[in-house]
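Let's take a walk through a protein together, one stop at a time. Keep the sequence and the 3D view side by side as you read.

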Amino acid sequence: MKNRVIIITIIIVTIILGCNKEIVIYMPPNKALPTINSLFSPNEQIKINLTKSTSPLFGLPKIIDDALVLLYEDDNLADTLVYTENGLYVSEIIAKIGSAYRVEVFCKGHKTCCAYDTVPDFPVLSGCIFSDSALIDKDGYYISKAELSINNIGTKTGYYEIKMYARYFDGLGIENLSTLYFSQLNNSDPVILESGVSYLDNTVLIFSNNLFLNESYILPIYYQDYNNQAGKYYSNYDLIVSMWAISPNYYKYKCSEIIQNYNGSGLFTPGNNLSAMPVSNYSNVENGFGIFAAYSTTTDTFPKQ
């Protein structure tokens, strides 16, 4: 009986090993197109990085250093960008709130690339209260809670991004900043969940005002400070809130980036999804790839009460 089991095992292993078949996957050649990358904000010069797209199998994108780059402000030709280095083109134009900008890129051998966006107004964060250890998770770590008061003016859909930090001072008065991580399980407010990506990235919150048009809103946010769970400064810190008003193009780009990063996480990370379909980053560039999008930001510091 024992010999029979051994023989059957050998047969099964042989069959499994013999089932290997070489599969050739055809990857069509990637069409090289100009790629524009520019995220710009008010009171700063508009800059774009210009490269030529390539397949990941063929190394880094090629820098384009001989393009003609024109910038339009509210449909008026405003500037010709100057090339500096590493694919970076710089304008003397300082972006302004409410102005619409269009960039046109002329590259040899390619159709004219163009993209446009409008700079959103600054977000209005009228107040914030926060408390430590509002909850304790299953592993015994503290979960804190902040309530942000957001003022919304008008009935137009606006898009926002939030990052938060804790500021501590040690015994010598030296400032220490700690990135705060959002509790994906406890942040269940409908405003946060509407984007559909809030559970994929615990470093940023991205949402719209669709659920509180023409109203003010108090947004509850649960967060954790992994770096100071046991630190002596844990209960004595200032909360720094960086709130961005982002354009619709920026919002779509950020959502696609979050999904792509989640699907492409490493094998042993929580975000890994081996069955996920690849996701391309959103692009608003005509005849090319990339993103040309605007944002404005307000950063406030709220002392511990």
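In which strand is the place of T35? Keep in mind that this is a predicted model. T35 belongs to strand β1, which covers residues 34-40. Is T35 buried or exposed? With a relative accessible area of 11%, T35 is buried, because anything under 20% counts as buried. Setting aside neighbours within four places in sequence, you will find T35 in contact with N49, L50, T51, K52 and S53, and also with F289 and G290.

Next, let's look at the aromatic rings. There are eleven aromatic pairs in the structure. One of them joins Y168 and Y237: the ring centres are 5.6 Å apart and the planes meet at 45°, so this pair is tilted. Where do the two partners sit? Y168 is in strand β12 (residues 159-169), while Y237 is in the loop between β16 (217-224) and β17 (238-246), so the pair ties together parts that are 69 residues apart in sequence. Both partners are hidden away: Y168 is buried at a relative accessible area of 2%, and Y237 is buried at 4%.

Rings can also gather in a group. F40, Y101 and F292 are linked into a cluster by ring pairs. A ring can have a charged partner as well: the charged end of R102 sits over the ring of Y72, 4.0 Å from the ring's centre.

Now turn to helix α3, residues 248-263. This helix has 16 residues and reaches 23 Å from its first C-alpha to its last, close to the 22 Å expected at 1.5 Å a residue. Which residues of α3 are buried? They are N249, Y250, Y251, Y253, K254, C255, S256 and I258. The cover over these buried residues includes β1, where we began, and β12, the strand of Y168. Among the other elements that cover them are β9 (113-118), β15 (205-208), β17 and β18 (289-302).

Our last stop is the cysteines. How many disulfides does the structure have? The count comes to zero. Take C107 as an example: the nearest cysteine sulfur belongs to C113 and is 6.0 Å away. A disulfide needs two cysteine sulfur atoms within 2.5 Å, so that distance does not qualify. C107 counts as buried, at 10% relative accessibility. C255, which we met in α3, is buried too, with a relative accessible area of 11%.

Technical notes: Residues are numbered from 1 along each chain as its sequence is written. This is a predicted model: local features need pLDDT of at least 70, side-chain atom pairs count only at pLDDT 80 or more; totals for chains, interfaces and linings use all residues. Side-chain values use heavy atoms; hydrogens and water are left out. Helices (H or I, at least four residues) and strands (E, at least two) are DSSP runs, numbered from the N terminus. Buried means under 20% relative accessible area, exposed over 50%, partly exposed in between (1.4 Å probe, protein chains only). Contact means heavy atoms within 4.5 Å. Rings of Phe, Tyr and Trp (its six-membered ring) pair if their centres lie within 6.5 Å; planes under 30 degrees apart count as stacked, over 60 as edge-to-face and the rest as tilted. A charge sits over a ring if NZ of Lys or CZ of Arg is within 6 Å of the ring centre and within 35 degrees of the ring normal. The expected span of a helix is 1.5 Å times one less than its number of residues.
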